[in-house]
Amino acid sequence: MLATGYRPDLPYLTDHDGALDADGSPRHREGLAISVPGLAFVGLGWQRSLSSNSLRGVGRDAERIARRLAARLAPVTSPPMLVRRVST
């Protein structure tokens with residue numbers, strides 16, 4: 001199945017102040033919403049590159065968004081301890 005000529009239709013985000021601009025387009029910086037923490041977008045035209053809204057580029061952008069969101073959600077703790085298994 002192919003979808004062509006699509007555009008974002010995000011009326012369900014109008015309750016989130018700052019998620020969309022006056023035209024209903026996502027307000028974001030490289031996929032991360034500017035005013036709504038934890039909200040992200042993928043598949044938008046020119047999100048990060050020409051291929052962002054194609055099958056060729058959306059996976060790359062989604063992976064980057066997932067890493068950035070995970071980093072924001074990770075608890076702030078001391079660095080992980082390295083454990084070495086010692087056989088006896």
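Arg68 is partly exposed in this predicted model, since its relative accessible area comes to 29%, and that value falls between the 20% and 50% cut-offs that separate buried from exposed. Five residues, Arg68 among them, are tied into one network by salt bridges that share partners, the others being Glu30, Arg48, Asp61 and Arg64.

Glu30 is a handy place to start with this network. Glu30 and Arg68 form a salt bridge in which the closest N and O atoms sit 3.6 Å apart. The two ends of this pair come from distant parts of the chain: Glu30 belongs to the loop between S1 and S2, Arg68 belongs to helix H1, and their positions lie 38 residues apart in the count. Glu30 also forms a salt bridge with Arg64, and here the closest N and O atoms are 2.8 Å apart. This pair, too, links distant parts of the chain, with Arg64 in helix H1, Glu30 in the loop between S1 and S2, and a separation of 34 residues. As for exposure, Glu30 counts as partly exposed at 32% relative accessibility, and Arg64 is partly exposed as well, at 23%.

Another salt bridge stays inside the helix. Arg67 pairs with Glu63, with 3.3 Å between the closest N and O atoms. Both residues lie in helix H1, four residues apart, or about one turn of the helix. Altogether, the count of salt bridges comes to five.

Now for the overall layout. The protein chain has one helix and two strands, and reading along the sequence gives the pattern β-β-α. Of its 88 residues, 23% count as buried. The chain exposes about 7,400 Å², and carbon and sulfur atoms supply 56% of that area. Looking at contacts between residues at least 6 apart in sequence, 23% of them join residues at least 24 apart.

How confident is the prediction, and where is confidence lowest or highest? The mean pLDDT of the protein chain is 84, with 78% of the residues reaching 70 or more. Confidence is lowest in H1, where the mean is 91, and highest in S1, where it is 95.

The largest nonpolar core takes in nine residues: Leu10, Leu13, Ala19, Leu20, Ala33, Val36, Leu39, Phe41 and Leu44. Leu10 is found in the segment before strand S1, which spans 28-29. With a relative accessible area of 13%, Leu10 is buried, because the cut-off for that label is under 20%. Setting aside residues up to four places away in sequence, Leu10 touches Leu20, Pro26 and Phe41. In the case of Pro26, the C-alpha atoms are 8.1 Å apart in space, while the two residues are 16 apart in sequence. Ala19, another member of the core, has contacts beyond its neighbours within four places in sequence, namely Leu13, Ser25, Pro26, Arg27, Val36, Leu39 and Phe41.

What about the loop between strand S2 (32-33) and helix H1 (55-73), where Gln47 is found? Gln47 is buried, with a relative accessible area of 4%. Leaving out neighbours within four places in sequence, the contacts of Gln47 are His28, Glu30, Gly31, Phe41, Val42, Ser52, Asp61 and Ile65. That list includes Glu30 and Asp61, two members of the salt-bridge network. It also includes Phe41, which is part of the largest nonpolar core.

Ser51 is found in the loop between S2 and H1, too. Ser51 is buried, at 16% relative accessible area. Its side chain and that of Arg60 are joined by a polar contact of 2.7 Å. Not counting residues up to four places away in sequence, Ser51 touches Arg56, Gly57, Val58 and Arg60.

Back in helix H1, there is Leu69. Once neighbours within four places in sequence are left aside, Leu69 is in contact with Leu32, Gly38 and Ala40. Leu69 and Leu32 are 37 residues apart in sequence, and their C-alpha atoms are 8.5 Å apart in space.

Key. Residues numbered from 1 in each chain as written. Predicted model: local features only at pLDDT ≥ 70, side-chain atom pairs only at ≥ 80, totals over all residues. Heavy atoms only, no water. Core = buried A, V, L, I, M, F, W, Y, C linked by side-chain atoms within 4.5 Å. Buried < 20%, exposed > 50% of the residue type's maximum accessible area, 1.4 Å probe, protein only. Contact = heavy atoms within 4.5 Å. Areas by Shrake-Rupley, 256 points an atom, 1.4 Å probe, with all protein chains shown as cover. Salt bridge = Lys/Arg side-chain N within 4 Å of Asp/Glu carboxyl O. pLDDT = per-residue confidence, 0-100. Polar contact = N/O pair within 3.5 Å; in protein donor to acceptor, adjacent residues only side chain to side chain.
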